[in-house]
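Me: Please take one part of this chain, look at it closely, and then follow the thread outward to whatever else can be said with care. I would rather have one long, connected account than a list.

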Amino acid sequence: MTQNMQTVTLKNANILDAAAGALLGEHNVFIEGGFIREISTGPVTEGDKVLELKGRTLMPGLCDGHVHVVAATASFPDLMRWSPMYVTARAGQILSGMLSRGFTTVRDCGGADFGIAQAVAEGYLIGPRVLFAGHAISQTGGHGDMRDKNEDVDSCTCCAGLGRIADGVPEVRRACREEIRKGADFIKIMASGGVASPTDRISSTQFALDEVTAAVEEAEAAETYVAAHVYTARAANRVLECGVRSIEHGNLIDDSTIDLLLEKDAFLVPTMSTHAVLATEGVAGGMPQQMCDKVHEIVDAGRITHAHAHSRGVKMVFGTDLLGPMHRHQLLEFKIRSEFQTPAEVIRSATTTAADLFQMTGEVGVVAVDAHADLIALQGNPLEDIEILQDPDRYLDLVMKGGNLFKERL
């Protein structure tokens with residue numbers, strides 16, 4: 001299946017510069033081979049298809065820095081018992097929903113593999129570009145260990161699921177090398193307890209320091225990086241000192257962690273929407289009540305902590321971490337973040353700052369010559385009203401990924 005690679009000209013598009021947080025006025029844009037080739041206030045090459053935007057806001061496609069595209073249920077233990085083919089079918093629905101909301105690149109932090117990413121890239125699944133970690137690396141009894149207390153059989157990595165278990169430096173190195181061999185764009189480790197795992201506590205630290213260091217060394221050898229699932233300052237500080245590049249969640253960090261994030265030039269990826277909705281929809285989505293109960297201690301703390309981290313200048317990336325039917329709340333993150341970030345700041349977190357974390361600076365998250373033609377066009381100005389991004393049915397008139405049109409309402 002070959003995606004359409006016709007040339008396209010967008011006329012009279014009011015370009016949003018995400019880095020500057022400003023509209024640049026009306027420009028014409030020529031797209032060829034999946035990339036932006038010309039941008040001008042004057043004439044540009046006329047493509048096979050010419051679209052008149054009539055002053056609509058043209059901005060980079062959105063990035064979500066923390067998703068689980070195979071998580072069609074909020075119960076990871078149940079997911080591991082599903083047919084992989086069924087999981088892929090359900091993932092297709094999740095991916096198409098993301099693209100329809102304007103997300104053109106997502107970073108999957110556990111579950112998706114090269115098959116999902118390749119199917120999207122080749123057009124067999126409709127969705128955003130998928131950057132994937134493969135299986136997240138977990139210690140025995142860690143956040144990626146979905147066995148109940150009465151289960152002793154090791155989980156296999158051929159089934160659908162969030163993580164794989166590795167104990168000790170040699171096993172951690174092997175697990176990282178296996179995921180990299182299978183095409184992982186980055187390594188994800190579980191460095192503290194979490195909500196969705198049955199046998200750990202949110203407050204626990206996970207992995208010894210030499211194990212974390214081994215993962216960082218393997219990632220750096222492959223010219224990539226490690227993202228770490230953590231909640232507490234104690235857990236976050238340990239892994240930041242070892243060289244982890246991004247902290248996922250981080251609801252219970254403090255100023256000592258913020259100091260390290262700034263010192264190490266690392267990223268924070270809050271996932272505030274999932275914590276907001278798990279408390280009310282988690283059980284209906286498939287998560288056992290005792291797991292959902294864990295979320296209450298981190299919801300309010302996260303709102304305070306993340307606002308403080310932002311005020312101190314931490315690089316913050318848009319992420320959602322939604323599961324099961326709760327994926328439909330992906331745009332809720334904009335509303336929650338707007339409580340402490342301006343529209344321009346929230347947009348940067350979902351465009352240029354995300355691209356920096358993804359090691360794709362200048363490739364995604366920008367409207368620029370030689371960048372991927374990942375673009376959305378909106379009625380109105382989201383720099384003045386962030387709610388415009390939260391209502392795609394009303395305001396989102398164009399979605400393009402890699403030069404291919406997936407929505408056109410002009």
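Reply: V44 sits in the loop that joins β3 to β4 (49-52), and this placement, like everything below, is read from a predicted model. With a relative accessible area of 17%, V44 falls under the 20% cut-off and is therefore counted as buried. Setting aside the neighbours within four places in sequence, V44 is in contact with T9, N28, V29, F30 and E38. The separation between V44 and D374 can also be stated: the two residues are 330 residues apart along the chain, and their C-alpha atoms are separated by 19 Å.

The strand that precedes this loop, β3, covers residues 35-40 and includes S40. S40 has a relative accessibility of 23%, so it is classed as partly exposed. Beyond four places in sequence, S40 is in contact with H27 and N28, and N28 is also one of the contacts of V44. F30, another contact of V44, can be placed relative to S40 as well, since the two are 10 residues apart in sequence and their C-alpha atoms are 8.9 Å apart in space.

Another loop, the one between β1 (8-17) and β2 (22-32), holds A18. A18 has 4% relative accessibility, which means that it counts as buried. Leaving out residues up to four places away in sequence, A18 touches P60, I347, R348, T351, T352 and G365. For G365 the separation is given in both senses: A18 and G365 are 347 residues apart in sequence, yet 7.7 Å apart in space, C-alpha to C-alpha.

A loop residue can also be exposed, and A284, in the loop between α8 and α9 (289-292), is a case in point. Its relative accessible area is 76%, over the 50% cut-off, so A284 is called exposed. The C-alpha atoms of A284 and A74 are 8.8 Å apart, although their positions lie 210 residues apart in sequence by the count of separation.

Backbone angles add another view of the loops. Most residues other than glycine have a negative phi. E223, however, has a positive phi near 60° and is not a glycine; E223 belongs to the loop between α5 (209-221) and β12 (226-232). D321 likewise has a positive phi, of about 60°, without being a glycine, and D321 is found in the loop between β15 (315-316) and α11 (332-337). As to accessibility, E223 is exposed, with a relative accessible area of 70%, whereas D321 is buried, at 11%.

Turning from loops to helices, α2 runs over residues 84-100, and its 17 residues at 1.5 Å a residue should span 24 Å, which agrees with the 24 Å between its end C-alpha atoms. The buried residues of α2 are V87, A91, G92, I94, L95, G97, M98 and L99. After α2 comes G102, with a positive phi near 105°.

The helix α10, residues 296-311, can be treated in a similar way: its 16 residues at 1.5 Å a residue should span 22 Å, and the 24 Å between its end C-alpha atoms agrees with that. This helix bends by about 35° at G302, and G302 is also among its buried residues, together with I298, V299, T305, H306, A309 and H310. G313, which follows α10, has a positive phi near 95°.

The helix α10 also leads to an enclosed space. Rolling a probe the size of a water molecule over the atoms shows where empty space is left. In the whole structure, a search finds 2 cavities of 30 Å³ or more, and the second largest of them holds about 70 Å³ of space. Around this second largest cavity the lining is formed by N251, M272, H275, A276, I298, V299, G302, R303 and I336. The helix α10 gives the most to this lining, with 4 residues, while α8 (272-281) and α10 each supply at least two. By class, the lining of the second largest cavity has 5 nonpolar, 3 polar and 1 charged residues. G302, the site of the bend in α10, is thus one of the residues that line the second largest cavity, and the lining also includes I298 and V299, both of which are buried in α10.

How values were computed
Residues are numbered from 1 along each chain as its sequence is written. This is a predicted model: local features need pLDDT of at least 70, side-chain atom pairs count only at pLDDT 80 or more; totals for chains, interfaces and linings use all residues. Side-chain values use heavy atoms; hydrogens and water are left out. The expected span of a helix is 1.5 Å times one less than its number of residues. The bend at a residue is the angle between axes fitted to the seven residues ending there and the seven starting there. Buried means under 20% relative accessible area, exposed over 50%, partly exposed in between (1.4 Å probe, protein chains only). On a 1 Å grid over the protein atoms alone, a cavity is a set of points where a 1.4 Å probe fits but cannot get out, and a pocket is an open set with protein on both sides within 12 Å along at least five of seven lines; lining residues have an atom within 4 Å of a point. Grid points are joined across faces, edges and corners, and a volume is the space filled by probe spheres set on the points. Ala, Val, Leu, Ile, Met, Phe, Trp, Tyr, Cys and Pro count as nonpolar, Asp, Glu, Lys and Arg as charged, and the others, Gly among them, as polar. Contact means heavy atoms within 4.5 Å.
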